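I opened the notebook to record what I looked up in this structure. The entries follow in the order I worked.

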Amino acid sequence: MIYVVDAKPGDGKSSAAITMINEASEEKRFLYITPYLTEVERIQACCPEKQFVQPQEDDPCKSIDIKKQLRQRRNIVSTHALFQRFDAEVIRLVKKGGYTMIMDEVATVAEVEEITYWDLKHILKHFAHVDPETSLLIWDKTAYRGIFEDIKQAAERKSLWIYGAGSKHPAAVHIVSPGVFEAFEDVYLLTYMFNGQVQKYYFDFFHLPYSRKWVEKDGDCYRFSDKPVESPGLDYKSLIHICRNRKLNEIGHAKTALSKAWYTANQNTGKIDQMRRNLANFSRNICGAKSNQILWTIFKRYHNEVKGKGYSKGFIPCNIRATNQYRDRDCVAYPINRYLNPVVKNFFAQAGVIVDDDAYALSEMLQFIWRSAIRDGKPINVYVPSSRMRRLLEKWIAENSVS
């Protein structure tokens, strides 16, 4: 069974998972998946009797160490990166071992695979074909070794879906095989705002049933609960100070301004330079912040163009999750406008699974903001120049604040 534990960062989800692991019988086996090596070390330190091991994350062309650990029925803690490479043998070993998976934050279960028309044409002519019923890429030349090795392995995992193979704009979507989740006795997904996340749409697409669990405080520890537990709220209206400076926010007035497409279209218009000046102005004049107080992001491709003196060292990726490393930062800048990749969105839509763009955008933004001091109930200054993203944040604050 898949259990979704949906609670704000800092509400005790991972602590409840640790409690469950430590209280489980000796025969129970766990696979704990987390985004960061620091969390790998935390699980090993907090569950000493379970003797969690961390597999060596070998090159994907080689036999990965996790198979050896699964054969020995060890408790395993690893990163999301390794999870995305699970193949048929790993699935078989997981099922045989009777494992429970705890996934700390959603994984990348659906993403665009960059492949050109000419490369795909070459692959389809010489090495593979597209199943006309499922749109899966089927690799025919099992002895192949070469530059398309990653594509081959994804095809062998039944994870690569191809659309418009005969057109000039083919689309390839890398999808984690649903068999990965079906192999576990139980799956606990620890996250926040699940209804706006890609993994929710993925579960719906593959008709993978899931139910809800909550987190409750039991003395000095946290536990999972089958009964609804009200998350302790805060007066976010007083804690989250949104920048209202008209001049700084003007750049994001249009609904789609500051999206990835907007940055691409404005590389030579001077607007990206303006954003760099805005970030410097916000951090220096609005927040009066030192470099170690700042947290900001941008789409990875434009990092070098937007970074500037006084705030560059505070950069973290916009999709960061499940880390407490920046909980001392109180000056937060989120100068982007999030939309799910249209190829992935259309992948779900063709099966009638409709993506809520605003729920997705809000979920991604809150995950970023909650890396900061707000997770400890401390006030923060936030710069959200996109009018769309700012409206979503204001609405969330109004609906979730406790006076």
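**Helix H9**

I began with helix H9, residues 198-205, in what is a predicted model. Seven of the eight residues of H9 are buried, so I noted the helix as mostly covered. I wrote down the buried ones: Val198, Gln199, Lys200, Tyr201, Tyr202, Phe203 and Phe205. Past the helix I checked His207, which follows H9 and has a positive phi, near 55°.

I then asked which residue forms a salt bridge with Lys200. The partner is Asp204, and the closest N and O atoms are 2.9 Å apart. The two residues are four apart in helix H9, and therefore about one helical turn separates them. I recalled that an α-helix has 3.6 residues a turn, so residues three or four places apart point the same way. Is Lys200 buried or exposed? Lys200 counts as buried because its relative accessibility is 19%, and the cut-off is under 20%. Asp204, at 25%, counts as partly exposed.

**Other salt bridges**

I asked how many salt bridges a search of the whole structure finds. The search gives 20.

I looked up Glu156 next. Glu156 forms a salt bridge with Lys152, with 3.9 Å between the closest N and O atoms. Both residues lie in helix H7, residues 149-156, and they are four residues apart, about one turn of the helix. I compared the accessibility of the two ends. Glu156 has a relative accessibility of 44% and so counts as partly exposed. Lys152 counts as buried because its value is 3%.

I went on to Arg388 and Asp358, whose side chains meet in a salt bridge at 3.2 Å, N to O. This pair links distant parts of the chain: Arg388 is in helix H17 (residues 387-400) and Asp358 is in helix H16, 30 residues apart. Arg388 is at 2% relative accessibility and therefore counts as buried. Asp358 has a relative accessible area of 27%, so I entered it as partly exposed. I also noted that salt bridges sharing partners join Lys67, Arg71, Asp87 and Glu89 into one network.

**Gln367**

I stayed with helix H16, residues 357-369, because I wanted the surroundings of Gln367, which lies in it. Gln367 has a relative accessible area of 2%, so I recorded it as buried. With which side chain does the side chain of Gln367 make a polar contact? The partner is the side chain of Glu105, at 3.3 Å. Leaving out residues up to four places away in sequence, I listed what Gln367 touches: Glu105, Thr191, Tyr192, Gln197, Ile320 and Arg321.

**Ser283**

My last entry concerns Ser283, placed in helix H13, residues 271-286. Ser283 counts as buried because its relative accessible area is 5%. Which residues does Ser283 touch, not counting residues up to four places away in sequence? I found Gly288, Ala289, Ile294, Tyr311 and Cys331. I also looked up the separation of Ser283 from Glu216, 67 residues apart along the chain. Their C-alpha atoms are separated by 38 Å.

Methods
Residues numbered from 1 in each chain as written. Predicted model: local features only at pLDDT ≥ 70, side-chain atom pairs only at ≥ 80, totals over all residues. Heavy atoms only, no water. Buried < 20%, exposed > 50% of the residue type's maximum accessible area, 1.4 Å probe, protein only. Contact = heavy atoms within 4.5 Å. Polar contact = N/O pair within 3.5 Å; in protein donor to acceptor, adjacent residues only side chain to side chain. Salt bridge = Lys/Arg side-chain N within 4 Å of Asp/Glu carboxyl O.
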